[in-house]
Amino acid sequence: MSTKPTSPAASPPPAAPAARAAPVRRPLVLVVDDSDDIRALLGTLLKRSYDVRLAGNGDEAITAAGKLPHPDLVLLDVEMPGKSGHEVCTVLKADSVTAAIPVVFITGRSDPKDEARGFALGAVDYVTKPLSPPIVMARVAAQLALTDQRHQLEQLVAERTRELHDTRAQLIQRLARALSYREGGLSSRAIRVGQYARLIAEAAGARKEVCDLIAQATPLHDIGKLGVPEVVLRSADQYNPHDWEEMRRHCEIGAEIIGEHRDPLLATARTVALTHHERWDGKGYPKGLAGAAIPWAGRVVALADTFEAMTATQRRRQPMSVEEAARAIVGESGKQFDPAIVDAFKKALPKMAAVRKAIRDELAGIHDLDFSAGAPPASRTAATPRPAPKPKPASPSGPKRGPGG
């Protein structure tokens, strides 16, 4: 009986070659001794389990320790011509690159004072001459195991620190979102202001970690409005003198809510909450600070917050265009805003406009949305339940900022 040849299409595809695991690097031990015999002995002994690098004097040892990959352990003779082992250890511990490398001294002395001096210099152990191979191997293995455990612990601490930082950042976002619901549903406002502040800081030349810190802290800049009566929050653009006094308190209330902390993120959040309504010319609040007396983060967020207030939808005001807001802000350089921050704002403006376009508000969630307040009476319809009072004109002292002044 004849059989048809199997179609190539029906044949199973060849198995993909198994991915090779990356080779595990063996620990590297630097052996430093002026004796050729001892270097040869230790080199032969240690090569069974470790990679080995040899040095015959103090200067060679310092150079060898600084080369990549850095050694995981240094076996260091104490008594050598030129630089002694103690001097070499001092140099290694003074250099941040080599300071963490454990040093085990090799010595023919058994004086406790010598050992005490070595430990004071940063050594982790002593091996005495004549050398016993089993003891040398046991001491080296023990110190490398301790080093490995320390590295694992450092990684765990770093991971937990990142998790804690991320948790704090998430809590800040949640608090800012809670405030946005109380203000009326502008749920994306705090996120945008944080991104605006980051872009301005970047354009001003701040380091990445500073830019990240400002972006993460900024969403709490208006958290003090939780302490402002809701009737005042809902009266934006219609404030009487009493309402203004109530609203102006939100900066100090915010600082009180956040509290004083050594943690950089919360400390920055407090600074921003307290100072984002100060003005370069000293006419702001709550302290009337002027110029460089206003913390830099507060100056950055003051401009970012104003841009947001001018370009975002408010309850009774349609947003301004990016171009209109930019002209008004630039006009306040040296008055409301730090001129250097305004220069950074001009550089960052294209990216800020992109953020504004990408992060939109959910208008359905904004309570009491009513643009009829600014429209002529004839344009109102019977469906309008109650005409809102005519909003006050923008303050001549600076661009309109929206709720909070």
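**Figure 1. Strand β4, a strand with neighbours all around.** In this predicted model, strand β4 spans residues 103–107, and five of its five residues are buried, so the strand is largely enclosed by the rest of the structure. How are the faces of β4 covered? Val103, Phe105 and Thr107 are buried on one side, while Val104 and Ile106 are buried on the other. That fits a handy rule to remember: in a regular strand, side chains alternate between the two faces of the sheet. Strand β4 also has a partner, strand β3 (residues 73–77), and the two pair in the parallel sense over four bridges. Look for Leu76, which stands opposite Phe105 in β4. Phe105 has ring-bearing company too, since Phe105, Phe119 and Tyr126 form one aromatic cluster.

**Figure 2. Asp125 and its surroundings.** Now turn to Asp125, which lies in strand β5 (residues 125–128). Is Asp125 buried or exposed? Its relative accessibility is 15%, and buried means under 20%, so Asp125 counts as buried. Leaving aside residues up to four places away in sequence, Asp125 touches Val103, Val104, Phe105, Phe119, Arg139 and Gln143. One of these contacts, Arg139, forms a salt bridge with Asp125, and the closest N and O atoms are 3.5 Å apart. Arg139 belongs to helix α5 (residues 133–183) and Asp125 to strand β5, so this pair ties together parts that are 14 residues apart in sequence. Arg139 itself counts as partly exposed, because its relative accessibility is 31%.

**Figure 3. The two sides of helix α1.** Helix α1 runs over residues 36–46, and its buried residues are Ile38, Arg39, Leu42, Gly43, Leu45 and Leu46. Where do they sit around the axis? They cover an arc of only 165 degrees, which puts them on the same side of α1. On the other side of the helix, Asp36, Asp37 and Thr44 are exposed. A salt bridge joins the side chains of Asp36 and Arg39, at 2.4 Å from N to O. These two residues are three apart in α1, so they are separated by about one helical turn. Helix geometry helps here: an α-helix has 3.6 residues a turn, so residues three or four places apart point the same way. The two partners still differ in how much of them is covered: Asp36 counts as exposed at 53% relative accessibility, whereas Arg39 is buried at 17%.

**Figure 4. An aromatic pair between two helices.** The structure holds four aromatic pairs, and this view shows the one made by Tyr196 and Phe307. How are their rings arranged? The pair is edge-to-face, with 5.0 Å from centre to centre and 80 degrees between the planes. Tyr196 lies in helix α6 (residues 189–203) and Phe307 in helix α12 (residues 296–311), so the pair ties together parts that are 111 residues apart in sequence. Both Tyr196 and Phe307 are buried.

**Figure 5. The largest nonpolar core and another one.** Phe307 appears again in this view, as a member of the largest nonpolar core, which has 29 residues. Which members touch the most other members? They are Ile200, Leu303, Phe307, Ile329, Phe345 and Met352. Helices α6, α7 (208–217), α12, α13 (322–331) and α14 (339–358) each supply at least two residues of this core. The largest share, eight residues, comes from α14. Apart from this core lies another, of 18 residues, including Ala64, Leu76, Val78 and Ile101. As a background idea, nonpolar side chains tend to be buried together in soluble globular proteins.

**Figure 6. More salt bridges to find.** How many salt bridges does the structure hold? The count is 22. One of them joins Lys346 and Asp343, with the closest N and O atoms 3.6 Å apart. Both residues lie in helix α14, three residues apart, or about one turn of the helix. Lys346 is partly exposed at 45% relative accessibility, and Asp343 is partly exposed at 40%. Salt bridges can also link up, as with Arg189, Asp222, Lys225 and Asp305, which are joined in a network.

Notes. Residues numbered from 1 in each chain as written. Predicted model: local features only at pLDDT ≥ 70, side-chain atom pairs only at ≥ 80, totals over all residues. Heavy atoms only, no water. Phe/Tyr/Trp six-rings, centres within 6.5 Å; stacked < 30°, edge-to-face > 60°. Buried < 20%, exposed > 50% of the residue type's maximum accessible area, 1.4 Å probe, protein only. Arc of directions from axis to C-beta. Core = buried A, V, L, I, M, F, W, Y, C linked by side-chain atoms within 4.5 Å. Contact = heavy atoms within 4.5 Å. Salt bridge = Lys/Arg side-chain N within 4 Å of Asp/Glu carboxyl O. Pairing = 2+ DSSP bridges.
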